[in-house]
Amino acid sequence: MLGYWLVVVRRLALPALATGAVCAAAMAAALVLGDGTSWSVAAPQALAAGAVGALALVAVLSTSTVVSAARTARRYGLTLGPEAVALPSVREVRIPAIEGRTAFQLTDSVRHAVEKDPVLRLDEITAFGHGTLDFTLRGPADTTVFVQVRLTTGQKETAAVVEARPAATYKRLDAAACWAVARVVEERVAQALRAETADGGAAR
């Protein structure tokens with residue numbers, strides 16, 4: 001959890017500094033133009049106020065984000081780490097090649113696994129085809145998460161790439177919602193592919 005908090009603080013540092021600088025400039029202008037304070041007196045006061053504001057902003061946002069992320073991790077039975085901050089959240093599944101199954105058949109199996117899963121709250125499937133599955137899920141705290149699954153088949157291995165990102169593209173901190181969803185979808189994809197492997201073996 002500490003690693004996650006440190007990454008969140010680093011990500012918030014630049015926006016917080018920018019906000020603090022704007023506040024400091026506004027305060028300095030108000031002191032000089034409104035109260036007639038000299039720049040030499042107003043500048044240190046404004047800079048101190050801006051620094052305090054920036055630190056307060058980082059403290060409040062990072063703490064609330066970490067608390068929400070820890071709650072999300074517990075809900076899904078996961079351990080929170082710094083990788084949970086990265087957006088988009090990308091996971092991979094690689095298994096030996098599945099004989100007798102096309103990419104479309106495997107994608108269909110993954111689709112069924114997602115639709116029937118009680119943990120994943122499916123909202124809408126937006127694309128489905130040969131090795132392509134796109135859908136939206138209602139993540140923790142009703143965050144909408146956009147998920148892409150790309151399946152490829154080869155002579156030696158079958159691979160699936162799961163990518164999850166916030167449906168609201170402006171969100172750079174999602175309290176680990178995309179990371180948690182990506183981890184769960186990764187597990188369901190792996191289960192679906194292993195089931196296809198077993199079915200393919202039984203058919204032979």
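Biologist: Which residue stands opposite Ile95 in strand 5?
Modeller: Thr158. This is a predicted model, and Ile95 stands opposite Thr158 in strand 5.

Biologist: What makes strand 1 and strand 5 a pair?
Modeller: Pairing needs at least two bridges. Strand 1 (residues 89-96) and strand 5 have eight bridges, so they count as paired. The sense is antiparallel.

Biologist: How do you know that strand 4 pairs with strand 5?
Modeller: By the bridges again. Strand 4 (residues 144-153) is joined to strand 5 by nine bridges, and at least two are needed. These strands run antiparallel. Val145 has Pro166 as its bridge partner in strand 5. Thr153 stands opposite Thr158.

Biologist: What joins strand 4 to strand 5 along the chain?
Modeller: A hairpin of three residues.

Biologist: What makes strand 3 a partner of strand 4?
Modeller: Seven bridges, in the antiparallel sense. The rule asks for at least two, so the strands pair. In strand 4, Phe146 is the residue opposite Thr136.

Biologist: Why is strand 5 called largely enclosed?
Modeller: Seven of its ten residues, 157-166, are buried. Buried means under 20% relative accessible area. Strand 5 is therefore largely enclosed by the rest of the structure.

Biologist: How many disulfides does the structure hold?
Modeller: Zero. A disulfide would need two cysteine sulfur atoms within 2.5 Å.

Biologist: Are Cys23 and Cys178 buried or exposed, or in between?
Modeller: Cys23 has a relative accessible area of 44%. That lies between the cut-offs of 20% and 50%, so Cys23 is partly exposed. Cys178 is at 0%, so it counts as buried.

Biologist: What makes a set of residues a nonpolar core, and which members touch the most others here?
Modeller: The residues must be buried, of nonpolar core types, and joined through side-chain atoms within 4.5 Å. The largest such core has 46 residues. Tyr4, Leu80, Val147, Val149, Val185, Val189 and Leu193 touch the most other members. Several elements give two or more residues to this core, including helix 1 (2-35), helix 2 (39-75) and strand 3 (132-138). Helix 4 gives the most, with twelve residues.

Biologist: Which residues does Val185 touch, leaving out those up to four places away in sequence?
Modeller: Leu120, Phe135, Leu137, Val147, Val149 and Val162. Contact here means heavy atoms within 4.5 Å.

Biologist: Why is Arg94 with Glu157 called a salt bridge?
Modeller: The rule wants a side-chain nitrogen of Lys or Arg within 4 Å of a carboxyl oxygen of Asp or Glu. The closest N and O atoms of Arg94 and Glu157 are 2.6 Å apart, so the pair qualifies. Arg94 is in strand 1 and Glu157 in strand 5, 63 residues apart in the chain.

Biologist: What makes Glu92 part of a network?
Modeller: Shared partners. Glu92 forms a salt bridge with Arg94 at 3.1 Å, and Arg94 forms one with Glu157. Glu92, Arg94 and Glu157 are thus joined into one network.

Biologist: Are these residues buried or exposed, or in between?
Modeller: In between. Glu92 is at 44% relative accessibility, Arg94 at 47% and Glu157 at 34%. Buried needs under 20% and exposed over 50%, so each counts as partly exposed.

Biologist: How do you know that Asp117 and Arg188 form a salt bridge?
Modeller: Their N to O distance is 2.2 Å, and the limit is 4 Å. Asp117 sits in the loop between helix 3 and strand 2 (122-129). Arg188 sits in helix 4 (177-203), and the two residues are 71 residues apart.

Biologist: Why are Asp117 and Arg188 called buried?
Modeller: The cut-off is under 20%. Asp117 is at 11% relative accessibility, so it counts as buried. Arg188 has 13%, so it is buried too.

Biologist: How many salt bridges come out by this rule?
Modeller: Eleven.

Biologist: What is the span of helix 3, and what is expected?
Modeller: Helix 3 has 14 residues and reaches 20 Å from first C-alpha to last. At 1.5 Å a residue, 20 Å is expected, and the reach is close to that. Its buried residues include Leu106, Val110, Arg111 and Val114.

Biologist: Which peptide bond is cis, and where does its proline lie?
Modeller: The bond from Leu87 to Pro88, with omega near -5 degrees. Pro88 lies in the loop between helix 2 and strand 1.

Note on methods. Residues are numbered from 1 along each chain as its sequence is written. This is a predicted model: local features need pLDDT of at least 70, side-chain atom pairs count only at pLDDT 80 or more; totals for chains, interfaces and linings use all residues. Side-chain values use heavy atoms; hydrogens and water are left out. Buried means under 20% relative accessible area, exposed over 50%, partly exposed in between (1.4 Å probe, protein chains only). Helices (H or I, at least four residues) and strands (E, at least two) are DSSP runs, numbered from the N terminus. The expected span of a helix is 1.5 Å times one less than its number of residues.
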